[in-house]
Amino acid sequence: MQNDELEEKVTMMEELIQGFVTRMNVVETEMPEFLKTFLQQYKETLDRIAARIEIANKRYDDAKIRQQIDEVKEMVTKVPKVIDVKNSHHFGAWSKSLIIGIVVCFVVTASSVSTALYLNHQNDRLNDEAYNFWLVRALYPQTAETIINKLKEDPEGFVANAEKAMEKQQAIIAAKAIADQAEKDQKAANDKLEKIKAGK
């Protein structure tokens with residue numbers, strides 16, 4: 001049984017070797033012909049390339065290139081590794097006057113903008129006051145007439161009384177706000193106490 005298997009394997013190996021030999025014969029016979037046809041087809045191109053390589057080689061002189069490389073190496077060795085640089089800057093008369101002018105322009109611009117913003121705010125406030133007085137004149141003409149007459153009779157005293165009344169109103173509003181806040185705090189404390197008592 002084993003002899004049969006061995007004989008079968010040997011015959012298979014012989015067949016493989018014979019197939020390999022035939023293929024190698026084909027490669028050996030056909031490859032030179034292929035290379036020959038390839039070289040014949042591209043012979044002219046290869047000749048042109050070889051001629052150009054020859055011309056390029058003649059164009060550059062090896063000795064001259066070597067000499068230039070040596071010169072560059074020598075120059076590089078002579079260059080110092082660290083170069084000290086002294087740097088100083090001073091403002092001239094023209095520079096100083098320019099800087100001073102720029103600072104003055106900036107200050108003037110900033111003050112002008114702040115003044116314009118303040119005047120715009122004041123203008124808005126005066127417009128609101130004028131609109132309020134216009135509403136009083138339209139809805140309560142008697143009251144407006146009384147105000148105008150009092151301003152004509154004693155402007156300083158009337159303005160002082162008005163300022164005192166405004167301060168009193170503002171104090172009342174502030175006290176009312178504090179009382180409201182205290183009432184809210186008291187209510188919140190009472191709610192918290194009720195929750196604690198209820199055990200929540």
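**Figure 1. The whole protein exposes about 19300 Å² of surface.** Carbon and sulfur atoms supply 61% of that exposed area. Before looking closer, please keep in mind that this is a predicted model. The protein has 6 helices and 0 strands, and reading along the sequence gives the pattern α-α-α-α-α-α. How much of the protein do buried residues make up? They account for 0% of its 200 residues.

**Figure 2. Here is a negative surface patch, with Glu5 as one of its members.** Asp4, Glu5, Glu7 and Glu8 form this patch. Glu5 belongs to helix α1, which covers residues 2-41. Is Glu5 buried, exposed or partly exposed? Its relative accessible area is 42%, and because that value falls between the 20% limit for buried and the 50% limit for exposed, Glu5 counts as partly exposed.

**Figure 3. This view shows a nonpolar surface patch of about 560 Å².** Its makers are Phe38, Leu39, Tyr42, Leu46, Ile49 and Ile53. Two helices, α1 and α2 (43-59), each supply at least two residues of the patch. Which helix gives the most to it? That is α2, with 3 residues.

**Figure 4. A closer look at Leu46, a residue of helix α2.** Leu46 is also one of the residues making the nonpolar patch. With a relative accessible area of 41%, Leu46 lies between the 20% and 50% limits, so this residue is partly exposed.

**Figure 5. Helix α6 runs through residues 155-198.** How far apart are the end C-alpha atoms of this helix? They are 64 Å apart. This agrees with expectation, because 44 residues at 1.5 Å a residue should span 64 Å. The expected span is reckoned as 1.5 Å times one less than the number of residues.

**Figure 6. Gly199 comes just after α6.** At this spot, Gly199 takes a positive phi of about 80 degrees.

Definitions and conventions: Residues numbered from 1 in each chain as written. Predicted model: local features only at pLDDT ≥ 70, side-chain atom pairs only at ≥ 80, totals over all residues. Heavy atoms only, no water. Helix = DSSP H or I, 4+ residues; strand = E, 2+ residues; numbered from the N terminus. Buried < 20%, exposed > 50% of the residue type's maximum accessible area, 1.4 Å probe, protein only. Areas by Shrake-Rupley, 256 points an atom, 1.4 Å probe, with all protein chains shown as cover. Patch = residues over 30% accessible without salt bridge, like charges linked within 9 Å, V, L, I, M, F, W, Y side chains within 5 Å. Salt bridge = Lys/Arg side-chain N within 4 Å of Asp/Glu carboxyl O. Lys, Arg positive; Asp, Glu negative; His and termini not counted. Charge placed at Lys NZ, Arg CZ, Asp CG, Glu CD.
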